[in-house]
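Here is a set of short exchanges for someone new to this structure. Each turn asks for one thing and reasons to it.

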Amino acid sequence: MLEVSDLCKRFGALEVTKNVSMRLEKGERRVILGPNGAGKTTLFNQLVGEIIPDSGSIKVNGQEVGDWSVEKRARFGLSRSYQQNTLFDGITIGESLGLAAAVSTSKSMWFWKDSLQDADVKAIVRDTAEQVGLEDNLGARVSDVSYGIRRQLEVGLALATRPSVLLMDEPTSGVGPEMIGAFHRLLGRLSRELTIVIIEHDMDLAFDVADSMTVLNYGEVVFEGTPGEARESEMLQQIYLGAWDDA
Amino acid sequence: MFYQTPLRTAVLLLFTLACIYAAFTAEYFGVEILTEIIILAMIVLALDLVAGFGGMVSLCHGALAGVGAYIFAIFTAKLGLHPLLAMGIAALITGAVSWVIGTICSKTHGIYFIMATLAFGQMAYSFVFESSYLGGDNGMAGIPRLDLSMIGIDLFDSKQFALLCLACLLVAYLFAWRILTSGLGRSLVGIMHNEKRSRALGQNVVQIKAQVFALSGLILGLAGSLSAQHIMFISPNLLSWTHSGEALVIVILGGLGTLIGPIIGAAAFVLLKHEVSNYTDHWHLIVGIILIIVVMAGARGIYGEIEHRIAKRCAKRVQKEQAPKQAKEKTKEHSLSHAGLKKEH
Amino acid sequence: MDISFWILQLLNALQLSMLLFLLSVGLTVIFGLMHFVNLAHGALYALGAYIAASVAASMGYWAGVLVAPFAVAVLGLILYQFLIKRMRSSGPMAQVLVTFGLIFALLDITRLIWGDLALALDVPELLAGRVSIGGIEYPVYRFFVMAVGLVALVVLHLMLTKTQLGAMIRAGVDNDKMAACLGINVERLFFLVFCVGCALAGLAGAVAAPLLSVVPEMGVDILIPTLIVIVIGGLGSLKGAIVGSLIYGFVQTFGAVFAPQLASVMIYVLLALVLVMRPSGLFPAKGG
């Protein structure tokens, strides 16, 4: 479903992505681990086209998307959420989800009818809001709601585009334990058809949801395997997991 | 997001009635001022469409209206086309020119967007200024007005011409309203609030911006052809960048991003200009100082300020009614955000 | 057309470029450092011309040329304290509008003080007359304008590259937050640069005054060419300002020779091209 081969990117002398390759089957849930500065977010930015890699290829569903624009990749089904909330501050939560839903139903360029009043769009907004727990906040302005709700919206926006590959960048960063639980349940309810890549720092969550794991360090893939293998791997124990357990 | 609130509709109706009243009661000079206000209102309406809802601060909207005026003049005075047809052509060509400008400029942001639009406006200005075919510095005279005598309307009567302009303004308003409440307009507002996220959602940012810019150009073309008919003479001065700047000033004074606000702003601006010039020659000094004060005070503008105050009062009343329920939600929210904060540090 | 004609055009182009350089360098460095667009820069230039003309009328040309930059710098100081400082964090639209308001206000203030009639400033005796080069006679005063521009270029270049202050300004242009972290008093730097930029605008007005008639609109007229120069050159860089000025001067002058009808359109086409191909100008202060 998602196939990355030999992706490389350097900023001056700094190699942020070194020959990164990975291959995800349809419906696979991959967790990406790695210390700060390992190049996880930079990898996401390259996958969605916000940063252009120096070399390598990115295929979604067999289609090479490496030279496509951000928006074309998104419309093709590659959707992402951001580590730092990147939201529409001046409008409401319902309207935000509506904008995303309008793109996925090809109604965002209608120039006569209202996309936000469209039945299909409304249905997606309702479903998505239920999925991420925002049913009661649809009328609230994004700038007025709490950080936790903004975090839910961050994931909601990515979901409302009805992606086939979903990239989530630390969806639970900065939220409390009850919301991590809620996020866990959300993942449980998402369709198994959806291919998901998650950058995650919460180890319990990561090991629970992952079908497979990739560990990045200094821009390089240092481990790839199942969560079970990850637990066994002594190298990972020493370098990463041990250090994280203390944190 | 744009919503045609009852307040906006009420103000629009009030404005329309005031215009009709003025058209029937004012003497000749007053009706001329009324027509000036209405045509200017169309230009600033078009500007608010892109600046207030797309963040595209254009410094070429005055020039584009001038382009519309010249195209109308060419097709009527030079090529002898029927004025009605020429009006349509002027709107379409100005829309097309706007689309090209919008496509190119949409790739730039902030101050570069402003400069880029300024460049295109000046390009049009210099072109007209240098063109001997278009009369150069001397402009063009002998522009006809639309002939509606068939249906009993005499547009050489300044009152009836003013009412025609008013009808065009209302059509332009309905058009802008429709655009802003369409998928395209919704997407545009999203892009204004967060362009990066809009791209990530799959929005075709450049196309959306360029299309609304083009639709705004349609209104400008219509406004331009009306202003050519109004004075029946045009000069390159119409395209001068200070006109575009003035349009931006009016949008701010009236209330950016409210659609009806700039129309009120146009009326206030023109009336104030004529009032002030009765006492002093230094109108620019006064408008300059007002502009500085308005922008530094937060730039809500006349209508924006009214709407803001009413919204605040309503919010208070709602809060009072729902006080118990709200309080409960507040604490829930608070604990959530608190949890969020704790984890972050 | 013989060789002397081309020399004449070349000199005209250079002279126009140098005048524009004096104006644009202040504007561009202010932008590079403070991200502030001062549309009223042209109005300050007009004020410089007026002040120079007034002072010169009673005390002679040189007094006028010396007083004008200082007077305009003082005005810049006042503007900075009351307006610019507060507008720094606002978006580009608010900045454009406030300085647009300033243009209006300053335009009428010059009218109030000096009236609508054009003032004239005579060329001083020392610089009167013409020199002959390659068979053409060229006014000495125009050479003087070029020399002032060249001196300003050299002095600014040396100041930016060789002095501590210059290093701080370059650090500020590159990354003002980082510069502040390194202990540079960015606020004072802004203030200083703003005043120097204003002084340069005043100087440009003073030296330009004898070449043109001094009218209230001269500030608005020069603004657009100045903006074109800094956008083509790239906002924030000295190199951009000089290259942009030369491009503008030459396109304008030689364009008028080759295609008089298209000369003024050409420069806007060039500007649009630069904006499309390299949106941040030819030599932006920051990489990328």
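Student: Which chains share the most contacts?
Tutor: This is a predicted model. In it, 2 pairs of chains are in contact. The pair that shares the most contacts is chains A and B.

Student: How far apart are the closest C-alpha atoms of chain A and chain C?
Tutor: Contact needs heavy atoms within 4.5 Å. No contact joins chain A and chain C. Their closest C-alpha atoms lie apart by 12 Å.

Student: Where in chain A does A:Phe111 lie?
Tutor: Two helices frame the place of A:Phe111. They are α3 (93-104) and α4 (119-132) of chain A. A:Phe111 lies in the loop between them.

Student: Is A:Phe111 buried, exposed or partly exposed?
Tutor: Buried means under 20% relative accessible area, and exposed means over 50%. A:Phe111 has 43% relative accessibility, so it counts as partly exposed.  The class is therefore partly exposed.

Student: Which residues is A:Phe111 in contact with, leaving aside its neighbours within four places in sequence?
Tutor: Chain B supplies these partners. One of them is a serine, B:Ser182. The list in full is B:Ile179, B:Ser182, B:Leu184 and B:Leu215.

Student: What are the domains of chain A?
Tutor: The domain assignment splits chain A into domain 1 and domain 2. Domain 1 is written in pieces: 25-46 + 53-69 + 165-247. Domain 2 is 85-163.

Student: How many residues does each domain of chain A bring to the contact between them?
Tutor: The C-alpha centres of domain 1 of chain A and domain 2 of chain A lie 25 Å apart. The two domains are in contact. Domain 1 of chain A gives 15 residues, and domain 2 of chain A gives 11 residues.

Student: What separates the centres of the two domains of chain B?
Tutor: The assignment for chain B gives domain 1 (6-283) and domain 2 (300-345). In the contact, 12 residues of domain 1 of chain B meet 7 residues of domain 2 of chain B. Taken over C-alpha atoms, the separation of the centres is 38 Å.

Student: What is the phi of A:Glu170?
Tutor: A:Glu170 sits in the loop between β7 (165-169) and α6 (177-189) of chain A. At 8% relative accessibility, A:Glu170 counts as buried. A:Glu170 is not a glycine, yet its phi is positive, at about 45°.

Student: Why does B:Leu259 count as buried?
Tutor: B:Leu259 lies in the loop between α10 (241-254) and α11 (260-279) of chain B. Its phi is positive, about 65°, although B:Leu259 is not a glycine. Buried means under 20% relative accessible area. B:Leu259 counts as buried because its relative accessibility is 0%.

Student: What is the radius of gyration of chain A?
Tutor: Chain A has 9 helices and 10 strands. For 247 residues the globule rule gives 18 Å, and chain A is close to that, so it is as compact as a globular protein of that length. The radius of gyration of chain A is 18 Å.

Student: What share of the residues of chain A counts as buried?
Tutor: The C-alpha trace of chain A spans about 55 × 40 × 35 Å along its principal axes. Chain A has 247 residues. The buried share is 58%.

Student: How far apart are the centres of the positive and negative side chains in chain A?
Tutor: Chain A carries 25 positive and 37 negative side chains. Each set has its own centre. These centres lie apart by 6 Å.

Student: What pattern does chain C follow along the sequence?
Tutor: Chain C has 11 helices and 2 strands. Read along the sequence, four helices come before the strands. The pattern is α-α-α-α-β-β-α-α-α-α-α-α-α.

Student: What radius of gyration does chain C have?
Tutor: Chain C spans about 60 × 45 × 35 Å along the principal axes of its C-alpha trace. A compact globule of 288 residues would have a radius near 19 Å, and chain C agrees with this. Its radius of gyration is 19 Å.

Student: What share of the exposed area of chain C do carbon and sulfur atoms supply?
Tutor: Buried residues make up 56% of chain C. Chain C exposes about 11900 Å². Carbon and sulfur atoms supply 70%.

Note on methods. Residues numbered from 1 in each chain as written. Chains lettered and ligands numbered in written order. Predicted model: local features only at pLDDT ≥ 70, side-chain atom pairs only at ≥ 80, totals over all residues. Heavy atoms only, no water. Rg over C-alpha atoms; globule rule 2.2 N^0.38 Å. Buried < 20%, exposed > 50% of the residue type's maximum accessible area, 1.4 Å probe, protein only. Areas by Shrake-Rupley, 256 points an atom, 1.4 Å probe, with all protein chains shown as cover. Domains from an automatic or database assignment. Lys, Arg positive; Asp, Glu negative; His and termini not counted. Charge placed at Lys NZ, Arg CZ, Asp CG, Glu CD.
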